[in-house]
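The exercises below ask you to read a structural model step by step, with a worked solution after each task. Please look at the sequence and the model before you begin.

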Amino acid sequence: MTRAALILVTALLLAACSSLPFQAPAEPSPPDPKTQMGALETRIAILVEEQRQKLEPKARPLAIDPELSKIARARANDMADKNYLAHAAPNGDTSATLLMKQDEKWQGLLGENLAAQHYTKESGVAVDVFAQRFMDEWLKSQPHRDNMVFANYDHAGVGAAVNGDTVYVAVLFSTDLGLKPPAANGPAGTVTTWDSPAAASAIPPAPEPLRLRGSAGGR
């Protein structure tokens with residue numbers, strides 16, 4: 001008698017459970033966008049190298065440079081913190097001036113591509129999707145494209161940062177143009193801006209070695 005009652009009660013409980021409406025599992029929240037910035041930087045660097053080799057077979061391979069990466073992240077963070085998109089910060093700092101403060105002996109050609117992209121908290125930042133969008137926009141803009149595929153660049157750095165609803169990216173390219181290191185007692189470094197890296201590299205040698213410290217190249 002006791003065993004039959006136990007079986008009956010169990011069956012009733014199962015029936016009650018099976019009659020409840022089906023509830024789909026809750027969608028997981030997207031990761032915090034701030035945690036995605038490192039992966040985004042890596043993916044952008046890969047896409048840049050792929051496009052350089054595709055569009056300019058003579059392009060030199062890009063080495064990811066710790067100095068340039070540090071400056072690129074500083075620029076991206078500053079744009080995110082102050083909500084702007086420009087080659088010069090509100091205080092006048094540029095990637096070129098930051099590079100010269102970091103390495104006073106550096107000289108060469110410095111190119112910079114910038115971009116920003118909005119996101120929503122619901123969708124988050126899908127690394128592959130966002131990286132491809134940045135790349136697509138640069139490819140559609142001739143100055144950005146020319147800057148990215150300039151064959152003489154051999155070093156690069158990528159920085160990405162996020163504020164409340166926007167991802168900011170800075171990509172830096174550099175080459176020393178074959179210039180010799182500046183003399184220890186030489187003149188102070190200056191920044192000369194050119195419309196394109198090709199225009200900068202075409203300037204004939206000056207009496208003193210030409211010091212193109214931080215040409216913006218193209219935006």
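**Exercise 1. The chain as a whole**

Of the 219 residues of the protein chain, what percentage count as buried?

Solution. Begin with the origin of the coordinates: this is a predicted model, in which local features need pLDDT of at least 70 and side-chain atom pairs count only at pLDDT 80 or more, while totals for chains, interfaces and linings use all residues. Residues are numbered from 1 along each chain as its sequence is written, and side-chain values use heavy atoms, with hydrogens and water left out. Next apply the burial cut-offs, by which buried means under 20% relative accessible area, exposed over 50%, and partly exposed in between, with a 1.4 Å probe and protein chains only. The count for the 219 residues then gives 39% buried. Elements are DSSP runs numbered from the N terminus, with helices (H or I) of at least four residues and strands (E) of at least two. The chain has seven helices and four strands, and from the N terminus on they run α-α-β-α-α-β-α-α-β-β-α. Finally consider contacts, meaning heavy atoms within 4.5 Å: among those between residues at least 6 apart in sequence, 73% join residues at least 24 apart.

**Exercise 2. The sheet**

Determine the strand order of the sheet and identify its edge strands.

Solution. Two strands pair if DSSP finds at least two bridges between them. With this rule the four strands form an open sheet in the order E1-E3-E4-E2, and the pairing is mixed. The edge strands are E1 (63-64) and E2, each of which pairs on one side only.

Now take the pairings one at a time:

- E1 and E3 run parallel and are joined by two bridges, with Ile 64 having Ala 156 of E3 as its bridge partner.
- E3 (residues 155-162) and E4 run antiparallel and are joined by eight bridges; His 155 stands opposite Ser 174 in E4, and the two strands form a hairpin with three residues between them.
- E2 (residues 109-118) and E4 pair in the antiparallel sense over ten bridges, where Leu 109 has Thr 175 as its partner in E4 and Gln 117 has Val 167.

To complete the picture, helix H3 (residues 66-82) lies across E1, E2, E3 and E4 and runs at about 25 degrees to E3.

**Exercise 3. Burial of two paired strands**

Which residues of E4 lie on each of its faces, and are those faces covered or open?

Solution. In a regular strand the side chains alternate between the two faces of the sheet. In E4, one side carries Thr 166, Tyr 168, Ala 170, Leu 172 and Ser 174, the other carries Val 167, Val 169, Val 171, Phe 173 and Thr 175, and both faces are covered, as all of these residues are buried. For E4 (residues 166-175) this amounts to ten of ten residues buried. In E2, eight of the ten residues are buried, so that E2 is largely enclosed by the rest of the structure.

**Exercise 4. Two helices in contact**

How are H2 and H6 oriented to each other?

Solution. Two packed helices are described by the angle between their axes and the distance between the axes. The axes are lines fitted to C-alpha atoms, for helices over the stretch in contact, and angles run from 0 to 180 degrees between N-to-C directions. The axes of H2 and H6 (residues 142-149) come within 9 Å and cross at roughly 90 degrees. Angles under 35 degrees count as roughly parallel, over 145 as roughly antiparallel, 65 to 115 as roughly perpendicular and the rest as oblique; H2 and H6 are therefore roughly perpendicular. The contact is made by Val 48, Gln 51, Arg 52 and Leu 55 of H2 together with Arg 145, Met 148 and Val 149 of H6.

**Exercise 5. Aromatic pairs**

How many aromatic pairs does the ring-centre rule give?

Solution. Rings of Phe, Tyr and Trp (its six-membered ring) pair if their centres lie within 6.5 Å, and planes under 30 degrees apart count as stacked, over 60 as edge-to-face and the rest as tilted. The count comes to three aromatic pairs. One of these is the stacked pair of Phe 134 and Trp 138, at 6.1 Å centre to centre and 25 degrees between the planes; both residues lie in helix H5 (residues 127-140), four residues apart, and both are buried. Phe 150 and Tyr 153 form an edge-to-face pair, at 5.1 Å and 75 degrees. Phe 150, Tyr 153 and Phe 173 form one aromatic cluster.
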